[in-house]
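Here are a few short exercises to work through with the model open beside you. Try each task before you read its solution.

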Amino acid sequence: MASRFQDKKVIFPEKLTRSSRFKFKCHPGIACFTKCCSDINLILTPYDILRMKRRLNISSEEFLAKYTRPQTLEKIGLPVVTLKMQDDDKKSCPFVTPKGCTIYPDRPATCRYYPIGFATLKEENVTTKDEFFFFVKEDHCLGFKEDQEWTVQSWREDQEPERYDRMNRDWTEILIKKQSLGNVETSEKSLQLFFMVSYDIDRFRRFVFESPFLKQYQTPPDLVEEMRQDDEALMLFGLHWLKTTLFSIAPAKQNRSRKNG
Ligand code: SF4
Ligand code: SF4
């Protein structure tokens, strides 16, 4: 089980590196087990939705309708979705049971990060980025009292957030860029495209393959074939298209290798 960033979180300002050490263990025998899986504002990323809807074997439309709530990101002005908590006393996550998370192998990125946050700082006119880690501790979390020792690196290997970071990179860059622009207005059409590509992969598939899109947007035939077969390739293509076309952010390197890199 992993926790997310709740109201009673404490963020420690100390910068950690991949070799920084800490003690932590989360397991079914701990008194706080699943306490962190209710009443949370958990923003979902494109890759979160893709993994969860695939696990549940439902369409992205159905997933969005059943499990999410729309929200506009403050200061960024872009539409996102959060995981819809249940209507019970605790406002529990729809996927939590007394035995733990029922979608654990496909749990969202935020559930994988805790208790190690990750941040990137990039100063203007400087090409390199300062990337670092930090602790996030929640009041109710007893995991820090356990004896299992980790480095930041071994924790991240265990929880696998790297793949999520990689798959969501273009999306994250759009959010960062949009935030840096301040209150620049984005057209309604652009907001709708952003939402569709980010969250509704099945509708985006129809948009790509059942409209003149591919005639207007030159795409290598092998990539078209890959996207036809594979939602992850389609999602990466869509986010890259959003970033470079809609939000005019210069591409770094071709993102097609990101799936397996
Ligand atoms: S998705 Fe799983 S780990 Fe994340 S809050 Fe829900 S039950 Fe907990
Ligand atoms: S140890 Fe922390 S992360 Fe694990 S279940 Fe308890 S509160 Fe959640």
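## Exercise 1: Threonine 34 in its loop

Threonine 34 sits in the loop that runs between strand S2 (21-23) and H1. This is a predicted model, so treat each value as computed from it.

Task: Find the sign of phi at threonine 34, and decide how exposed the residue is.

Solution.
1. Phi of threonine 34 is positive, about 70 degrees, although the residue is not a glycine.
2. For exposure, count C-beta atoms: threonine 34 has 19 C-beta neighbours inside 10 Å.
3. A buried residue needs 20 or more, and an exposed one has 12 or fewer. Threonine 34 therefore counts as partly exposed.

## Exercise 2: Lysine 91

Task: Say where lysine 91 is found, and whether it counts as buried or exposed.

Solution.
1. The loop between strand S4 (79-83) and strand S5 (96-97) holds lysine 91.
2. Its phi is positive, at about 55 degrees, although lysine 91 is not a glycine.
3. Lysine 91 counts as exposed because it has 12 C-beta neighbours inside 10 Å.

## Exercise 3: Valine 96 and ligand 1

Task: Work out the surroundings of valine 96, then describe the shell around ligand 1.

Solution.
1. Valine 96 belongs to strand S5. It counts as buried because 21 C-beta neighbours lie inside 10 Å.
2. Leaving aside neighbours within four places in sequence, valine 96 is in contact with Thr34, Cys37, Ser38 and Cys101.
3. Take one of these partners: cysteine 37 is 59 residues away along the chain, yet the two C-alpha atoms are separated by 6.6 Å.
4. Now turn to ligand 1, which is surrounded by 11 residues; Cys37, Cys93, Val96, Cys101 and Cys111 are the closest.
5. Sorted by class, that shell has 10 nonpolar residues, no polar ones and one charged.

## Exercise 4: The shell of ligand 2

Task: Name the residues that come nearest to ligand 2, and sort its shell by class.

Solution.
1. There are 15 residues around ligand 2, and the nearest are Cys26, Cys32, Cys36, Cys141 and Gly143.
2. The shell divides into 10 nonpolar, four polar and one charged residues.

## Exercise 5: A cis peptide bond

Task: Find the geometry of the peptide bond from tyrosine 114 to proline 115.

Solution.
1. Go to the loop between helix H3 (109-113) and strand S7 (116-121), where proline 115 is found.
2. Omega of the bond from tyrosine 114 to proline 115 is near 5 degrees, and the bond is cis.

## Exercise 6: The buried face of H8

Task: Explain why the buried residues of helix H8 line one face.

Solution.
1. Helix H8 covers residues 201-209, and Ile201, Phe204 and Val208 are buried in it.
2. Looking down the axis of H8, these buried residues fall within an arc of 55 degrees, so they line one face of the helix.
3. An α-helix has 3.6 residues a turn, so residues three or four places apart point the same way.
4. The cover over the buried residues of H8 includes helix H7 (188-199) and helix H11 (231-246).

## Exercise 7: Leucine 242

Task: Place leucine 242 in its helix and list its contacts.

Solution.
1. Leucine 242 is in helix H11. With 22 other C-beta atoms within 10 Å, leucine 242 is buried.
2. Beyond neighbours within four places in sequence, its contacts are Ile174, Leu193, Phe194, Val197 and Phe247.
3. Isoleucine 174 is 68 residues from leucine 242 along the chain, and their C-alpha atoms are separated by 8.2 Å.

Technical notes:
Residues numbered from 1 in each chain as written. Chains lettered and ligands numbered in written order. Predicted model: local features only at pLDDT ≥ 70, side-chain atom pairs only at ≥ 80, totals over all residues. Helix = DSSP H or I, 4+ residues; strand = E, 2+ residues; numbered from the N terminus. Arc of directions from axis to C-beta. Contact = placed C-beta atoms within 7 Å. Near = placed C-beta within 6 Å. Nonpolar A, V, L, I, M, F, W, Y, C, P; charged D, E, K, R; others polar.
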